[in-house]
Amino acid sequence: MKLIFITGNLEKFLEAKKLLGEFGIRLEQADIEMTEPQSDTLEEVAEKCAEEALKKVGECFIIEDSGLFVNSLNCFPGVYSSYVYRKIGCEGILRLLTGSADRSAYFMTALAYSEPGNRIRFFTGRVEGNIATEQRGKSGFGYDPIYIPLGSNLTFAEMSTEEKNKFSHRSRALRTFASWFLSRHEEK
């Protein structure tokens, strides 16, 4: 089974390709020029992007939005994670947390699946964790060097893709999606 993943982020695509491959789903990347809307929730962002992509893609696809929510920063950067990363990066988040005893945070993904003629379906994944006191690791992307998921002492950037996929928010959303997608296609 083939499915399109609309993303310009190669690392995100490779993680998803590896995970969905375990379910027998062949993933292909499409980097489509899109406006990223601003909204209050990841689900709203994913939905607006999926609606725009539906006008450009004539086959089944997934698209997602993810965010880092730092509890002591009132869940900032949240839906603004990619913008904040481009502006201040991991170093900026670490500076904002200087002196903070509460370093708890969570990563969340809202994944939208769409196909022509049907409504958009959503799948979410969330992983609790903490922000490290310094950047560690060379793997991954984005905030991975500063994020330690609960159940590990390693940052996402210190993990292989396989290890990260055991914990990550994106892998949780993708696994839920894959189970639904496969059961739906078995019915046909």
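The following is a working chat about a predicted model and what its coordinates show.

Reader: Before anything else, what kind of model is this, and which pLDDT limits apply?

Author: This is a predicted model, in which local features need pLDDT of at least 70 and side-chain atom pairs count only at pLDDT 80 or more, while totals for chains, interfaces and linings use all residues. Residues are numbered from 1 along each chain as its sequence is written, and side-chain values use heavy atoms, with hydrogens and water left out.

Reader: Ok, strand β1 then: why is it described as largely enclosed?

Author: Strand β1 covers residues 2–6, and 4 of its 5 residues are buried, so it is largely enclosed by the rest of the structure. Buried here means under 20% relative accessible area, with exposed over 50% and partly exposed in between (1.4 Å probe, protein chains only). Helices (H or I, at least four residues) and strands (E, at least two) are DSSP runs, numbered from the N terminus.

Reader: And in which sense does β1 pair with β2?

Author: The two pair in the parallel sense over 5 bridges, β2 being residues 26–30, where strands are said to pair if DSSP finds at least two bridges between them. Phe5 has Gln29 as its bridge partner in β2. From β1 the chain crosses through helix α1 (residues 10–21) to β2, and this β-α-β crossover is right-handed, that is, clockwise from the first strand over the helix to the second when the strands point away from the viewer.

Reader: How many bridges join β1 to β3?

Author: There are 2 bridges between β1 and β3 (residues 61–70), and these strands run parallel; Ile4 has Phe61 as its bridge partner in β3.

Reader: Switching to charges, how many salt bridges does the structure hold?

Author: It holds 14 salt bridges, each being a side-chain nitrogen of Lys or Arg within 4 Å of a carboxyl oxygen of Asp or Glu. In one of them, the side chains of Glu15 and Lys164 meet at 2.7 Å, N to O. That pair links distant parts of the chain, with Glu15 in helix α1 and Lys164 in helix α4 (residues 161–167), 149 residues apart.

Reader: Are Glu15 and Lys164 buried or exposed?

Author: Glu15 counts as buried at 6% relative accessibility, and Lys164 counts as buried at 2%. Both also belong to a network of salt bridges that links Lys12, Glu15, Glu64, Asp144, Lys164 and Arg170.

Reader: What about Glu22, which residue does that one form a salt bridge with?

Author: Glu22 forms a salt bridge with Arg175, and their closest N and O atoms are 3.9 Å apart. Glu22 lies in the loop between α1 and β2 while Arg175 lies in helix α5 (residues 169–187), so the pair ties together parts that are 153 residues apart in sequence. Glu22 is exposed at 55% relative accessibility, whereas Arg175 is partly exposed at 31%.

Reader: And where does Arg184 come in?

Author: Arg184 forms a salt bridge with Glu115, with 2.9 Å between the closest N and O atoms. Glu115 is buried, with a relative accessible area of 8%, and Arg184 is buried as well, at 18%.

Reader: Last topic: what does Ser72 touch?

Author: Leaving aside residues up to four places away in sequence, Ser72 touches Leu97, Ser100 and Asp102, contact meaning heavy atoms within 4.5 Å. Ser72 lies in the loop between β3 and β4 and is partly exposed, with a relative accessible area of 30%.
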